[in-house]
Amino acid sequence: MTTARDRLLGFVNDPKYHEVPRSELEPLWLAAANEQLALQRERIPVLSRLAQEQGVEEIRSLGDLVPLLFAHSNYKSYSDSFITKNRWDLMNRWLDTLSASRVDSVDIHGVTDQDDWLDALKGGGHHVNVTSGTSGRNSFLPATVFDRDFSLANFDQELARSYGEASNDRVVVILGPQDGPHRSVRHFRRLADTMGRPGAVFYLTEDRLRLADMGRLARLRAAIGAGTAMPSEIAAYQREGAARQEAMARRLEFIVDKMTQYRHEPMIILGPWAQMWTIVELARARGLAAGDFHPDTRVAAGGGTKGADLPPDYLQQILGFFGMDPTDLPNAYGMSELAAPLAGIDGAYRPPPWVVPLLLDDSGQILIDRDSGNAEGRFAFLDLAIEGRWGGVITGDRVTADFSTPNISIALDSIARYSTAEGGDDRLTCAGTIDTYVRGIME
């Protein structure tokens, strides 16, 4: 029997999915949300507790979804001591409270750090997604093989829309690691495997990105900032930092060498805007002229500027340097919590039909719903494609939503982090409630 969820997922191959009216989607959303709630509350301990406490037995309107949404921060609610004291058994138990499949029995023999733990989980069939964790604290999002494959299938379609069918005839430059635990790394590899010409794929680093190293450096930075680091630790940190900078500088020069060598061939350059700007500056310093690239060269980037000091017109300068028309820039709004991003189509970010887009007030407690016009608020959603965890999430993003389009769309330049806009931590009431449920279930 075809379920409402099946019908929504069936839009995956429809390039016109953004034209499906909300009036047609909403009955399917409610039916599929109830299907998922009935299934996942039996599997996910925290969702079961939350639904019981909120008295939600059935989702009759989109407003009924709001009290069932998890905060984005709930997926990093583990205690730091679990990691620093190698209590991987407790990390298993913590993740188990949020997972739709049992994690607590995963074999942790020989696990010594977060990377070993992720490998052990993967060996047990748990394909956990990890956020960037630039602060040193990562979110761990339970995922299944279906979640992994569905995400890659969507990415393949993005590649086809942006670069044409897979042909393995492009020079590919990835301004990131060749291997690592983040989903973005897996997608970069997919692009290289499907579009890259053998022998003409280049990464910023061929070393595996390790969470343990990032966490150790973040903790040391915090200790230095707090004045509690030992002089020997500070000296070691400075030596390591200098060595990393030297190695990165050499690798960036290598990347510019390859860009110069292949500049008259079709090339795909993918990476963060800050590093994209750095290679443009290095290339200019060598005398490379703007526009001296093959007309089919394409660049793509995301993730914001990560606090880098870039000129206001950095985007225009980068695109102009590579001779690329801004209309050819692939654009999407995504995050690790989503199976697939909201694609940039016709001047706005459009959610796929299996994502129920929700706009909440700043507190994340009240649904904002209109028949037309624009409204600003906190972006939230229920991703009905997710199997490994509950797909309902309240994000940390303030956006402007347009209710006049067939489905709610997000204005391209409207996205801002609450933590940045408010000058501090983004605190959601539901985050503390769910974290309390997690601790209670673990105890």
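Biologist: How are H9 and H10 set relative to each other, oblique or roughly parallel?
Modeller: In this predicted model, H9 and H10 are oblique to each other, because their axes cross at roughly 130 degrees, and angles over 115 but not over 145 degrees fall into the oblique class.

Biologist: Which residues are in those helices, and within what distance do the axes come?
Modeller: H9 covers residues 211–226 and H10 covers residues 231–261, and their axes come within 11 Å.

Biologist: And is the crossing left-handed or right-handed?
Modeller: The crossing of H9 and H10 is left-handed.

Biologist: Which side chains should I look at where H9 and H10 meet?
Modeller: On the H9 side you have Arg 216, Leu 217, Leu 220, Arg 221 and Ile 224, which meet Glu 233, Ile 234, Tyr 237, Glu 240 and Arg 244 of H10. Sorted by class, that contact has five nonpolar and five charged residues, with no polar ones.

Biologist: Switching to cavities, how many are there of 30 Å³ or more?
Modeller: The count is three, and the largest cavity holds about 50 Å³ of space.

Biologist: What lines the largest cavity?
Modeller: Its lining consists of Tyr 17, His 18, Val 20, Arg 350, Pro 351, Asn 407, Ile 408 and Ser 409, of which four are nonpolar, three polar and one charged.

Biologist: What about the second largest cavity, and which helix supplies the largest share of its lining?
Modeller: The second largest cavity has a volume of about 40 Å³, and the largest share of its lining, three residues, comes from H7. H7 (145–163) and H8 (183–195) each supply at least two lining residues.

Biologist: How many of its lining residues are charged?
Modeller: Five are charged, alongside three nonpolar and two polar residues, and the lining includes Asp 147, Arg 148, Arg 183, Arg 186 and Arg 389.

Definitions and conventions
Residues are numbered from 1 along each chain as its sequence is written. This is a predicted model: local features need pLDDT of at least 70, side-chain atom pairs count only at pLDDT 80 or more; totals for chains, interfaces and linings use all residues. Side-chain values use heavy atoms; hydrogens and water are left out. On a 1 Å grid over the protein atoms alone, a cavity is a set of points where a 1.4 Å probe fits but cannot get out, and a pocket is an open set with protein on both sides within 12 Å along at least five of seven lines; lining residues have an atom within 4 Å of a point. Grid points are joined across faces, edges and corners, and a volume is the space filled by probe spheres set on the points. Ala, Val, Leu, Ile, Met, Phe, Trp, Tyr, Cys and Pro count as nonpolar, Asp, Glu, Lys and Arg as charged, and the others, Gly among them, as polar. Helices (H or I, at least four residues) and strands (E, at least two) are DSSP runs, numbered from the N terminus. Axes are lines fitted to C-alpha atoms, for helices over the stretch in contact, and angles run from 0 to 180 degrees between N-to-C directions. Angles under 35 degrees count as roughly parallel, over 145 as roughly antiparallel, 65 to 115 as roughly perpendicular and the rest as oblique. A crossing is left-handed if the near helix is turned anticlockwise from the far one by less than a right angle, and right-handed if clockwise. Contact means heavy atoms within 4.5 Å.
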